[in-house]
Amino acid sequence: MEKKAKYLLVDSQILPEVYLKAVAAKKLLAQGKAKSASDAAKAAGISRSAFYKYKDFVHEYHTSLNGCIITISAALADEAGVLSSLMAQISESGGNILTIHQNIPMDSVAPVLISLRTDQLKCSQEELLEKAKQLPGVLNIQFASGN
């Protein structure tokens, strides 16, 4: 019989250092700063076997993201460049796009859901939507969640 996983949220200050180093090694690999698990483990200061032992069981928890992710729903004209200009506006405003889900256009209108991080916004979320409403081809835009 397979054991069901049980998760705990623990302050990293009381954990053995190897766990933090395994997380650091995972980041190096994910960001392409290390070419192999061996390189990542060496750079993080742990053995390759320790990295493999813990890599699937330690994950960083980002409390800073709590409440900083919103999803907006938009109806866009089915014209080249409309979604691109909306993404550019989000980026220029300091938003970090996490996901984009665009459906097939119906009646020349493409429904789009965009989830983004707002912790680095240079304006309010409401101002971002107002700027987006002014873009050519943005027919409607509103908060879907997270606001």
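**Exercise 1. Place glutamine 89, then state whether it is buried or exposed and what it touches.**

Step 1. Glutamine 89 sits in helix H4, residues 82-92. Helices (H or I, at least four residues) and strands (E, at least two) are DSSP runs, numbered from the N terminus.

Step 2. The relative accessible area of glutamine 89 is 14%, so it is buried. The cut-offs are under 20% for buried, over 50% for exposed, and partly exposed in between, with a 1.4 Å probe and protein chains only.

Step 3. Set aside residues up to four places away in sequence; glutamine 89 then touches Leu128, Lys131, Ala132 and Leu135. Contact means heavy atoms within 4.5 Å.

Two notes on the model apply throughout. The model is predicted, so local features need pLDDT of at least 70 and side-chain atom pairs count only at pLDDT 80 or more, while totals for chains, interfaces and linings use all residues. Residues are numbered from 1 along each chain as its sequence is written, and side-chain values use heavy atoms, with hydrogens and water left out.

**Exercise 2. Find which strands pair with S1, and in what sense.**

Step 1. Start with burial. Strand S1 covers residues 69-77, and 7 of its 9 residues are buried, so S1 is largely enclosed by the rest of the structure.

Step 2. Take strand S3, residues 109-117. S1 and S3 run antiparallel, joined by 9 bridges. Two strands pair if DSSP finds at least two bridges between them. Alanine 77 has valine 109 in S3 as its bridge partner.

Step 3. Take strand S4, residues 138-145. Its pairing with S1 is antiparallel too, over 6 bridges. Here alanine 75 stands opposite asparagine 140.

**Exercise 3. Describe the surroundings of asparagine 140 and glycine 146.**

Step 1. Asparagine 140 belongs to strand S4. Its relative accessible area is 41%, which means partly exposed.

Step 2. Beyond neighbours within four places in sequence, asparagine 140 is in contact with Ser73, Ala74 and Ala75. C-alpha to C-alpha, asparagine 140 and alanine 74 are 5.5 Å apart, although 66 residues separate them in sequence.

Step 3. Glycine 146 lies in the segment after S4. With a relative accessible area of 49%, glycine 146 is partly exposed.

Step 4. With neighbours within four places left aside, glycine 146 is in contact with Ile69 and Ile70. Glycine 146 and isoleucine 70 are 76 residues apart in sequence; their C-alpha atoms are 4.3 Å apart.

**Exercise 4. State where aspartate 107 and serine 108 lie, and give their phi values.**

Step 1. Aspartate 107 is in the loop between strand S2 (96-102) and S3. Serine 108 also lies in the loop between S2 and S3.

Step 2. Phi is near 55° for aspartate 107, a positive value in a residue other than glycine. For serine 108, phi is near 65°, again positive in a residue other than glycine.

Step 3. Aspartate 107 has 76% relative accessibility and so counts as exposed. Serine 108 is exposed as well, at 52%.

**Exercise 5. Count the aromatic pairs and classify their geometry.**

Step 1. Apply the rule. Rings of Phe, Tyr and Trp (its six-membered ring) pair if their centres lie within 6.5 Å; planes under 30 degrees apart count as stacked, over 60 as edge-to-face and the rest as tilted. The count is 2 aromatic pairs.

Step 2. Tyrosine 19 and tyrosine 54 have ring centres 4.9 Å apart and planes at 80°, so this pair is edge-to-face. Tyrosine 19 is in helix H1 (residues 17-30) and tyrosine 54 in helix H3 (residues 48-54), so the pair ties together parts 35 residues apart in sequence. Tyrosine 19 is partly exposed at 24%, whereas tyrosine 54 is buried at 19%.

Step 3. Phenylalanine 51 and tyrosine 52 are edge-to-face, 5.6 Å centre to centre with 65° between the planes. Phenylalanine 51 is buried at 3%; tyrosine 52 is partly exposed at 41%.
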